[in-house]
Structure formats: structure tokens, C-alpha cells
Amino acid sequence: MNAEAKLNTLYRIGNRIPLNKSQAAGFVGGRYRLEKLIAEKKIRATKTGPTKMSPYDVNACDVFRYAIDSKEQRIKLTL
């Protein structure tokens with residue numbers, strides 16, 4: 001199995017897995033960046049309940065697409 005096939009498998013499985021906001025924020029580089037990606041409709045997020053304070057389910061596949069390594073994040077902040 002080549003790398004592209006493994007990545008496609010990861011994305012396919014990720015479509016079925018919901019993450020909460022704090023988990024997703026850890027992958028994408030912070031809460032602000034996550035909120036920005038959700039507002040730009042690049043990451044799908046749905047409320048789990050009808051109330052205002054209901055938690056979100058964030059699509060793991062979308063989060064993986066925009067995930068950054070913490071080392072990359074530190075390099076960007078210092079430049």
C-alpha cells in the first residue's frame with residue numbers, strides 16, 4: 001500500500017469520526033485557527049444539541065487536512 005492510498009484511507013475513516021473542539025484545536029494549531037477554518041467553511045462542524053451552549057462535533061477528516069505539526073507552528077511564530 002503506497003502513501004497516497006494510506007492517506008485516502010485515513011480521510012475516509014476520518015469522515016466517520018467526530019472530534020470535539022478542544023481535540024480539533026490541538027490538531028490545527030489552536031482555537032483561533034479552528035474557528036477561522038470553520039467560519040471559512042473549510043472544516044465542517046455541527047452542534048450536537050438544540051441549546052446555545054451545545055458542544056460541536058467537528059469532522060476529523062477536515063481537521064486532518066488542515067493539521068499542522070507543533071514544530072511548524074513554532075517556526076511560523078518566530079518568523
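The following conversation walks through a predicted model, taking up one helix and then a group of charged side chains.

Visitor: Why is Lys-21 called buried?

Guide: Lys-21 has a relative accessible area of 14%, and the word buried is used for values under 20%, so Lys-21 is counted as buried. Its place is in helix 2, which covers residues 21–28.

Visitor: What makes the pairing of the side chains of Lys-21 and Glu-35 a polar contact?

Guide: The two side chains are joined at 2.7 Å, and a polar contact asks for a pair of N or O atoms within 3.5 Å, so the distance satisfies that cut-off. Once neighbours within four places in sequence are left aside, Lys-21 is in contact with Glu-35 and also with Arg-31, Leu-34, Tyr-56 and Val-58.

Visitor: Which residues of helix 2 are buried, and how do you know that they line one face?

Guide: The buried residues of helix 2 are Lys-21, Ala-24, Ala-25 and Val-28. When one looks down the axis of helix 2, these buried residues fall within an arc of 105°, and therefore they line one face of the helix. An α-helix has 3.6 residues a turn, which means that residues three or four places apart point the same way. The face turned away from the buried side carries Ser-22 and Gly-26, which are exposed.

Visitor: What covers the buried residues of helix 2?

Guide: The cover includes strand 1 (18–19), helix 3 (31–39), strand 3 (56–59) and helix 4 (60–65).

Visitor: Why is helix 2 called roughly perpendicular to helix 3?

Guide: The axes of helix 2 and helix 3 come within 8 Å and cross at roughly 100°. Angles from 65 to 115 degrees count as roughly perpendicular, so helix 2 is described in that way relative to helix 3. On the side of helix 2 the contact is made by Lys-21, Ala-24, Ala-25 and Val-28, while helix 3 contributes Arg-31, Arg-33, Leu-34, Glu-35 and Leu-37.

Visitor: What makes the meeting of Glu-40 and Lys-42 a salt bridge?

Guide: The N to O distance between the side chains of Glu-40 and Lys-42 is 3.4 Å, and the rule asks for a side-chain nitrogen of Lys or Arg within 4 Å of a carboxyl oxygen of Asp or Glu, so this pair qualifies. By this rule the count comes to four salt bridges. Glu-40 has a relative accessible area of 39% and is therefore partly exposed, and Lys-42, with a value of 39%, is partly exposed as well.

Visitor: How do you know that Arg-44 and Asp-62 form a salt bridge, and where do they lie in the chain?

Guide: The closest N and O atoms of Arg-44 and Asp-62 are 2.8 Å apart, and the cut-off is 4 Å, so the pair is counted as a salt bridge. This pair links distant parts of the chain, since Arg-44 is in the loop between helix 3 and strand 2 (45–47), whereas Asp-62 is in helix 4, 18 residues apart.

Visitor: Is Asp-62 buried or exposed?

Guide: The relative accessible area of Asp-62 is 4%, so Asp-62 is buried, whereas Arg-44 counts as partly exposed at 46%.

Visitor: What makes Arg-44, Asp-62 and Arg-65 a network?

Guide: Besides its salt bridge with Arg-44, Asp-62 forms one with Arg-65, where the closest N and O atoms are 3.5 Å apart, and the three residues are thus linked in a network of salt bridges. Asp-62 and Arg-65 both lie in helix 4, three residues apart, about one turn of the helix.

Key. Residues numbered from 1 in each chain as written. Predicted model: local features only at pLDDT ≥ 70, side-chain atom pairs only at ≥ 80, totals over all residues. Heavy atoms only, no water. Helix = DSSP H or I, 4+ residues; strand = E, 2+ residues; numbered from the N terminus. Buried < 20%, exposed > 50% of the residue type's maximum accessible area, 1.4 Å probe, protein only. Polar contact = N/O pair within 3.5 Å; in protein donor to acceptor, adjacent residues only side chain to side chain. Contact = heavy atoms within 4.5 Å. Arc of directions from axis to C-beta. Axes fitted to C-alpha atoms, helices over the stretch in contact; angles between N-to-C directions. Parallel < 35°, antiparallel > 145°, perpendicular 65-115°, else oblique.
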